[in-house]
Amino acid sequence: MTTRMLGEKVQRVEDDRLLRGQGRYVDDLAQGALEVAVLRSPHAHARIVEIDVDPVLDVDGVVAVWTYDDLTGPMAEPLPLLIPHPALTHGRTQHALAKDEVNHVGEAIAFVVAEDRYVAEDAVSRIRVTYEPLPAVVGVEAARSAEHLVHEDVPGNVAARLEQATGDADAAIAAAPHRLSLDLEVERSASTPLEGRGTVARWDPDAGRLTVWSSTQTSTGVRAAVATKLGLDLGQVDVITPDVGGGFGVKIVHPWPEEVLVPMAAMALGRPVKFTEDRREHFVSSAHERGQLQHVDVGFDDEGRLLGMSVQLWHDHGAYIPYGLIVPIITSTQALGPYKPEAYKVVFESLYTNTVIVTPYRGAGRPQGVFLMERTMDAIAAYLGRDRAEVRAANFIQPDEFPYDQRMTFQDGRPLVYDSGDYPQLLDKLKALVGWDDFESVRQEARREGRRVGIGLACYVEGTGVGPYEGAHINVETTGKVKVAIGLTSQGQGHRTAFAQIVADELGVPFEDVEVTSGDTRRMGYAVGTFASRAAVMSGSAVALAARQVKAKALRIAADALEAAEEDLEIVDGHVQVRGAPASRLALGTVAVLSNPLRYAFDEASKLATQFTVGNPDKPPVEEDDEPGLEGRDFYSPERSTFAAGMHAVVVETDPDTAEVKILRYAVVHDCGTLVNPMIVEGQIHGGVAQGVGGALYERMAYDESGQLLNASFMDFLMPYVTEVPERIEVDHLETPSPLNPLGIKGAGEAGVIPSAALFASAIEDAEGIPIRRMPISPSELYDLRRKAAENAGSVENAGSVESARSEPVETKESR
Amino acid sequence: MKPAPFELVRPRSLDEALEALASSPDAKVLAGGQSLVPLLSMRLASPALLVDINGIGPLAYVRSDDDGVRVGALARHTDVLGDDEAARVQPLLRKALRLVAHATIRNRGTTVGSVVHADASAEMPAVLALTEGHVTAASVDGRRRIPAGELFVGPMESSLRPDEVAVEAFFPALPAGAGTAVEEVARRHGDYALCGVAAVVRPGEGARVSYFSVCDVPVAVDVSEQLAGGPTDAAVADAAELALTRLDPPADIHASADYRRHLVRVLTARALRSAWDEAHEEGR
Ligand SMILES: Cc1cc2nc3c(=O)[nH]c(=O)nc-3n(C[C@H](O)[C@H](O)[C@H](O)COP(=O)(O)OP(=O)(O)OC[C@H]3O[C@@H](n4cnc5c(N)ncnc54)[C@H](O)[C@@H]3O)c2cc1C
């Protein structure tokens, strides 16, 4: 029997090439193509009075310039609102080039095509625009006050208001023995992939075909958008994703202005055109996420059980809302985590501001949801004087309660029903892993050395693998090599390895013989995209189903050739054989030859397959309901998402003098159902934790009140270095397979980043004895909190060196 | 983020470089490029002529003797950091350079470039100020010596003339019996500091501290009087208060002015104590 690949720590087949610098990214393609630079708004909010492009036209090397007035047909219409929702009553999207008004710094105004990027930038600096500045709306408070409007026709700056409830939360809170209220805030960050956006297009007038290479998380989405905008048939447009240097959500947004302008220009100019976004552009003209204000009212019993919880969210979605309400819907619903409040109500307002758009970033609203729920859990524990883990455990959904219906509507419009899980066991594993129950002695020991340490934990449940579908196509070459095409795209996750493992197992072929292609519409025209931790669940399942088809066909053909019953056959090491009798085996390549009756022989192998040599002369060479070729193609479309879960714990040390935060230990327990490749899953967790550390302790989008982004570079946007992330991340897995798909897989891509803000808040609060209500937190801010706490405690002097007599967090508390 | 057009010359000798600089009113020296190239790319600087001195081999040296350490214009941070003699003669060099950026940047960036770039957030200008070193500048008109006290005139502004190449920085040797320390708090490893302090203490003789990131130019303060009786709590606090009268900690997106003032107190204490302790260990 071939050794089973599923569940093995197989080395990633991608890495050798990528680590040797042999990756091919968009900017590596089409050398010599014309290049683009974009004039972007320097104002957060302004009317455009006049644009004068004349000074550009005589710059040597400039080929063409477009402004809004040059756009026609669908190109002159606003970009699509990708995900409409009945509650999204005031959805506004931008034009490919600004029409009359700009609504954030960085909004595209003019599109210059030149012989190279240097010339294009020279030209951009010569375009003269007359602006009439308008007051900028920056931040949730300004949006809510609605003193100024982002869009004149959107009252109150409110794009949408959505309420969901189960039970009567207000009544339950009023009747509860204990009540608390919390005001919370999470600031903006962003996906910041190493490679920014990028698009190359080539129009072939002879074939009437447009080929687009884009650094995207959805090639099929880009294809549909480009075809629509340019008035082409889908069949005329191919979209290919080459190597993509990270996405983390930002590249699921499509089409970006440049993603349709580049193909438009390539068609108009009859030459290949390339746009490569630079880092500064990425900060001001792609997308951000996370920014929310939150208010929680909660009622609970003596054990800390949630009797009623009412949440209000104010979600800052930036200047436009192309991706709809996905992020605040996820925050609203996934805040529930592994818990089962008796009554829950959540209402959000999604608000316009004169800032960069907000669209899903790894975690996609969950980090904010987990933040509000876990802050609440910690506040309850502090109030009751109970162990934080105990309070959580008191609220867990129990293993025998699955499928568990949260009685809410999830981001895919389907009921929020958890498929499987074991939260008590996850918590037990976490406590054991990090030594939760022994931490008091660690704290005492540290205190004796004059050190201040704290421990935190945070739990989450993540709906992964949302629909509607994904597909896979597999064909076996006559060489025996197995070619797999999936439609969704890869940004470094290791799809080529993981899916090859699945195919190797399902089909019984050597792992090395399987080659996976992703995100190429020429190979798979129907696909959705890579987001929502869905690739392994969706494409993984589709790959398994397609492989099973191939296997069935291979056995049928081989049964004929070997004169054996199909039931007696197996495929081992790429050969079909009678079970346990490898002597008379038939290579899959030969089966592929037999599957395709030929008229013409072009090599030795194909001689075997000509019409004189194969098949039953009394039957048609290709039977009814059959096709030539050893191929399989299938789609997987689940009725709803599958729910992964995890719990993280961190031990931090806070410097009593400088308020710096050091990570001493970081522990993760994680349940993503069946593990296809534990090494890849752990890699995803490590990367997610690193990104989460960034979000919790370093990164933020620092807008000033006029809407200028003050830190639009890696100099001031503090992505953590390897020196800032924990040296070691202790990981333990639990596998509760999903009943919803053939392999029991749940998604794992986003998990690592989800609990970070909540987790660090918990640990820093524990170390400091000061309530943490706002993340991220910098040493300067922690120092400020200490000082305020000291002022409240009456000793202003020693803010920097309070030898922590741990005070209980101050709450608006009420007890009956 | 592409530079505006400029001309580039790559002289093979210092004289050629000086002539090129003299030939244009809008020329700039390109050394390691770790500060200048980002400025060019962001079009915050757009000189007409770049004079790339990387081909002038004789400027790549680190020489130490009893007087001090001489660092040539093409000595990379890495060269100075790794030089054991330099570390022995003036230990502040290694202590400070460890905190300058990251290995990849130190492999290109030059110590002299860092000094004349005159970023008040940078470590090496503060070390030059603390040790009262100097820079030797050359132009077609000849050479001159610019003492640290006259070199730093404003934020990112040195008294070096546009037609001059800084050919050497000189860091005087640490006197016998002295101890040193460099303390800083940065947001991330290798970042410019939010606040930084360098100290030299010679118990019984004198004590000096210099600051970076909390002032427009590197500020050196004599705290001998405060430290006369050793680094007691009161002494280091007094030293910090004295320094604070000369500093102007800025508020920015990374830290409040209050926090930086607080760090001045914390880090002054740490640096003075650590330098004092080191002097005593050396003395033993
Ligand atoms: C990510 C990053 C982090 C960094 N972190 C730090 C840090 O923590 N601390 C720190 O101190 N520095 C830091 N730096 C800056 C680094 O140390 C620079 O290399 C140094 O400041 C400048 O040296 P250079 O040789 O690269 O100079 P260049 O960039 O080539 O030049 C800088 C300026 O000095 C002028 N110049 C350079 N050499 C001469 C000369 N011999 N004569 C006349 N003029 C000259 C140039 O004309 C230019 O104006 C960092 C840089 C980066 C990119």
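Me: A residue counts as near a molecule if one of its heavy atoms lies within 4 Å of it. What comes nearest to the ligand here?

Reply: Happy to look! The ligand has 32 residues around it, and Val29(B), Gly33(B), Leu36(B), Thr110(B) and Glu123(B) come nearest. Please keep in mind that this is a predicted model, where local features need pLDDT of at least 70, side-chain atom pairs count only at pLDDT 80 or more, and totals for chains, interfaces and linings use all residues. Residues are numbered from 1 along each chain as its sequence is written, chains are lettered from A and ligands numbered from 1 in the order in which they are written, and side-chain values use heavy atoms, with hydrogens and water left out.

Me: What makes Thr110(B) a polar contact of the ligand?

Reply: A polar contact is a pair of N or O atoms within 3.5 Å; within protein, one must be able to donate a hydrogen and the other to accept it, and residues adjacent in sequence count only if both atoms are side-chain atoms. A polar side-chain atom of Thr110(B) lies 2.6 Å from a ligand oxygen, so the pair qualifies. The side chain of His77(B) has an N or O atom 2.9 Å from an oxygen of the ligand, so that pair qualifies too.

Me: Why is the pair Asp657(A) and Arg270(B) called a salt bridge?

Reply: The term asks for a side-chain nitrogen of Lys or Arg within 4 Å of a carboxyl oxygen of Asp or Glu. In this pair the closest N and O atoms are 3.5 Å apart, so the rule is met. Across the interface of chain A and chain B, the rule finds five salt bridges.
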